[in-house]
Structures are given as structure tokens and as C-alpha cells.
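Dear colleague,

Please find below the structure for your files, together with its sequence. My notes on what was found follow directly after.

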Amino acid sequence: MGLCTVKENGSWTYPTILLCIYGFFTYMRPSEPFLTPYLTSPVHNLTIEQVTNTVFPVWTYSYLAILFPVFLLTDYLRYKPVIILQGLSYIISWVLLLFARGVPAMQGLEFVYGMVTATEVAYFSYIYSVVDTEHYQKVTSYCRSITLVGFTLASVLGQLLVSLAGLSYFYLNVITLVSVSIAFVSSLVLPMPRKSMFFHKKMIGVSSEEPKVSSDNPDVPSTESKTETANKSPGPNFCKVLWLLCKDLKECYSSMQLLYWSLWWALATAGYNQVINYVQVLWEHVEPAQNSTIYNGGVEAVSTFLGALSSFGVGYVKVNWELTGELALAIFSAVSAGSLFLMDYSLNIWMCYAGYLIFKSSYMLLITVATFQIAVNLSMERYALMFGMNTFVALALQTIITIIVVDGRGLGLDIITQFLVYGSYFALIAGIFFIRSLCILISHHKKKQTKNDQEVKTETRL
């Protein structure tokens, strides 16, 4: 009854606080920066080759297989059940990480973790279904910021516990399990949304169909008939919704500007996810954790802070993104390529760390710009749809890269050669958008010249 009252009164604070608690504790994972050292430690005793070529690729395949059905079910089930599923998947993942052993068990862990990442869409979509439009900007800021705070604090905590307290990686994972368990409990008390973006746009009790009249008073619509109509199974509308989604996607991608921003989003995100997924393997290769103290947690904290700082700074930069946006994509993609080459060719762990800081900051800056450029031209529903499609394309590209480059059934390249491929991949992205930016600038110059010539002719006639 209390939850219903909160929703009916239109309060946005209660669900926002609960969702922020959930987001904070799911990202409060101090063991995350030390996953590869933990898997290769005596506790699991896996080799670098097993981790790289056999275990980690399963996450990519699982994520791709689950993402599209989860994207539809998230909206159909109205978010909360999927958030609960994500919380449960977190718990299962860390139980397996703590107590299961062997390559098959760790592959099972990666499969479940694919469910965790695929269901993230529910966390970032839920809040829009329980608050009014005027609060969107505020709650978006809160929910995204709290995850950043949680991840940063977790990285710092993990580093301090390893470096100063000498805590083993096993107990870092115990702390993470406790954290995600708290998040799971908080998900259970989230208010159940009464609408969603696509399948449940109308509130319960309201129908687009003409209501039946009451037998007692022909002029007054029957409340019972309205309820029956609203509770009617939406199953037959499923195909109609899919058709409308496809139609919306076609209209979204008909804009060349949005198409190219989305192209960069998909290409860069595929490469970024691949780097993030395997960077610990590179660090372990350059500086094995068994030989010295590692600073993965500190580096993750600093990189997240720098990325947030660069993203925040975008809001204060006055740039004509329509004219110079593609040039910015080209320049920073080239910077990303250079940082990856630096990481790949350096034998010094601190140079690897520096390259990672540059790479992550560049990506987070550009993805903020790309997100803004896409969102500013679309409604919330179309933005969510385009976000989902761009993510799906990125994941499909990442899967292709994983199959060819990483998987033992493909080339199964060593980590040094892998990062050479990733650097070349971002160099290719930079080349594509450099050519695109030249075309835009040349076209703009010609239009400007034509306009000036016309003005001169007009003045001459006068």
C-alpha cells in the first residue's frame, strides 16, 4: 500500500533513492580491477592463455545472445523484474567466482555475467517509467553519477586493501558478494512501474478503445469495462510493437548525421569493450601480480575520474559539432590508437597505465558527445531504441573481433598481438572519420563560397 501511495502521489524521490542505492552497491566491486590476477593466482590456478582465449570470450558471446531478447522483455515486463534478475545474476556470478573451480566453471561464470551486462538496460530505463518528465534530467544525473561514485570508491578501496592491508583477492571478492547482495535486496522493494516506453505507454485503467457503457446509466462509461480492457493481455500487440520499432529505427537512421554518429558509437564501443575486457591480461603480462604490488585499482579509479572530468567538460565547450564533430571523432580516435600502441610496445607497467588513462578518457569524452548529438534530435523512446540498436551492433562487431582475434578456435593471438590489432582498429576508425570530416569541410566551404558569390552578384545588380 505504501508503494502504491508513493506512486500515486507522483513522488520521484523514493524510487530514485532506491535505484541509487541499487546502482551504488552493484558498482561497489573492489575485486573488479584484480579479476585476472585472482584467476591466475593459486586459488584458481588458471593460465593466462586459458583466461584470455577460453574463459573471457564466453562473456562476449553470452552478452550478444541475451541482449536483444532482454531489451524487449525489459520493456514488456516493466523493468523491475529484470532489475531483480540482474541482482540475482550478480550474486550467482560472485558465488561461482568464490567457490567454483576449473575452466568450465569460469566459463559458466562468464555466461551468467553476460546476463548481468545485458540487463543493465533495465537500470538505466526504469527511472523514466516512475517519474514525471520534468524530473528526467535530475534523476538521470543522480543515477549515472552514483554508479561512477561506487566504481571509483570500490577501486580505491580495493587498492588500499591490497597495497596497505595485504588482503587477499579472495576476500576482496567476499566484500563484492556482500555488496551485490545488498543491491539485490534493495531491488526487491523498488516500486513496480505502471507504464513503459513501448509496450505499456498508457497507464492502467486507461484504454484507447471506446469503453462500454454501464447498464445502469448509459451516459457513464463502465469502470469494470475499462479495467477489463486495460488488463487485457497485450500479447497480440507484440508484433505490432516490433513493426513500429523497426519503422522508428528506419526513420532514426535516415538522418546522415545520426547515422555517422551511430557508426562511430558502434565501432568505438566494440573496440573499447574489447580493450577493457583484456587490459588486465596485458598488465599481468607486463608486470605479473605474483612478482610485485600492482596498482590496477588505483589506475581504474583515476581513469574513471579523468573520464568523468572530460565528460563533464564537454558541456562547457562551445563547438559547432555538426561541422567539426567528425573531425573530433577522427582526432580522438587517432589519440586512442596511439595510446594503445604505447601500451602494446611498452615494457614498463607505468607507461601501460598512462596509455590506459589516455585511452579511457578519450573514449568517455567522445561517447558523451555522441550521446548528446543523438539524444538532442530524438524523443526519449527513439533514443532508447537507438541506444539499444547501437549497443547491439557494437556487440556484434565485438563478437566478430573476439572470434577472429581472441578465441582459441580462431587465431587465438597472444595479448601483445591482440593490442596491436586493437590499436590498428582505432587507427582505421580515425581514417574513416578523417575522410568524412574532409568531405564535410569541403562541402561547407563550397556552400559558403557560393553564398558569397550570390551576395556579390546581388550587390552588383543593386
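The notes below move from the whole chain to selected helices, the core, the surface and the charged pairs.

**Overall composition**

Please bear in mind that this is a predicted model. The secondary structure comprises 17 helices and 0 strands. Of the 462 residues in the protein, 47% are buried. The accessible surface amounts to about 22,200 Å², and carbon and sulfur atoms account for 66% of it. Taking contacts between residues at least 6 apart in sequence, 81% join residues that are at least 24 apart.

**Helix α5 and its flanking loops**

Helix α5 (80–99) has 20 residues and reaches 29 Å from its first C-alpha to its last, close to the 28 Å expected at 1.5 Å a residue. Its buried residues include Val-82, Ile-83, Tyr-90, Ile-91, Trp-94, Leu-97 and Leu-98. Polar residues are also on that list, among them Lys-80, Gln-86, Ser-89 and Ser-93. Which helices cover the buried residues of α5? The cover includes α2 (13–27), α3 (35–40), α4 (48–76), α6, α7 (120–126) and α9 (169–188).

The loop between α4 and α5 contains Arg-78 and Tyr-79. Neither residue is a glycine, yet phi is positive in both: near 65° for Arg-78 and about 70° for Tyr-79. Tyr-79 counts as buried because its relative accessibility is 2%, which is under the 20% cut-off.

On the other side of the helix, the loop between α5 and α6 (103–118) holds Ala-100. With a relative accessible area of 15%, Ala-100 is buried. Leaving aside residues up to four places away in sequence, Ala-100 touches His-44, Val-95, Ala-105 and Met-106. Of these contacts, His-44 lies 56 residues from Ala-100 along the chain, and the two C-alpha atoms are separated by 8.7 Å.

**Helix α9**

Helix α9, part of the cover over α5, likewise has 20 residues and a span of 29 Å between its first and last C-alpha atoms, close to the expected 28 Å. Among the buried residues of α9 are Tyr-169, Leu-172, Leu-177, Val-180, Ala-183 and Phe-184. Asn-173, Thr-176, Ser-179, Ser-186 and Ser-187 are buried in this helix as well.

**The nonpolar core**

The largest nonpolar core has 112 residues, and those that touch the most other members are Met-106, Trp-264, Trp-283, Phe-419 and Tyr-422. Helix α12 (residues 256–286) gives the most to this core, with 15 residues. Met-106 has already appeared above as a contact of Ala-100. For Trp-283, the contacts beyond four places in sequence are Pro-288, Asn-296, Val-299, Glu-300, Met-343, Ile-349, Cys-352, Tyr-353 and Tyr-356.

**A nonpolar surface patch**

Not every nonpolar group of note lies inside the core. Val-302, Phe-305, Leu-306 and Leu-309 form a nonpolar patch on the surface, with about 350 Å² of accessible area together. Phe-305 belongs to helix α13 (residues 296–314).

**Salt bridges**

How many salt bridges does a search of the whole structure find? The search finds 4, and three are described here.

- Arg-29 pairs with Glu-32, the closest N and O atoms being 3.2 Å apart. Arg-29 is buried, with a relative accessible area of 7%, whereas Glu-32 is partly exposed at 22%.
- Glu-300 pairs with Lys-360, with 3.3 Å between the closest N and O atoms. This pair links distant parts of the chain, Glu-300 being in helix α13 and Lys-360 in helix α15 (residues 349–375), 60 residues apart. Glu-300 is buried, with a relative accessible area of 6%, and Lys-360 counts as buried at 6% relative accessibility. Glu-300 is also one of the residues that Trp-283 touches.
- Glu-326 pairs with Arg-436, where the closest N and O atoms are 3.7 Å apart. Here too the pair links distant parts of the chain: Glu-326 is in helix α14 (residues 321–345) and Arg-436 in helix α17 (residues 415–461), 110 residues apart. Both Glu-326 and Arg-436 are buried.

With kind regards

Conventions. Residues numbered from 1 in each chain as written. Predicted model: local features only at pLDDT ≥ 70, side-chain atom pairs only at ≥ 80, totals over all residues. Heavy atoms only, no water. Helix = DSSP H or I, 4+ residues; strand = E, 2+ residues; numbered from the N terminus. Buried < 20%, exposed > 50% of the residue type's maximum accessible area, 1.4 Å probe, protein only. Contact = heavy atoms within 4.5 Å. Patch = residues over 30% accessible without salt bridge, like charges linked within 9 Å, V, L, I, M, F, W, Y side chains within 5 Å. Areas by Shrake-Rupley, 256 points an atom, 1.4 Å probe, with all protein chains shown as cover. Salt bridge = Lys/Arg side-chain N within 4 Å of Asp/Glu carboxyl O. Core = buried A, V, L, I, M, F, W, Y, C linked by side-chain atoms within 4.5 Å. Expected span 1.5 Å × (residues − 1).
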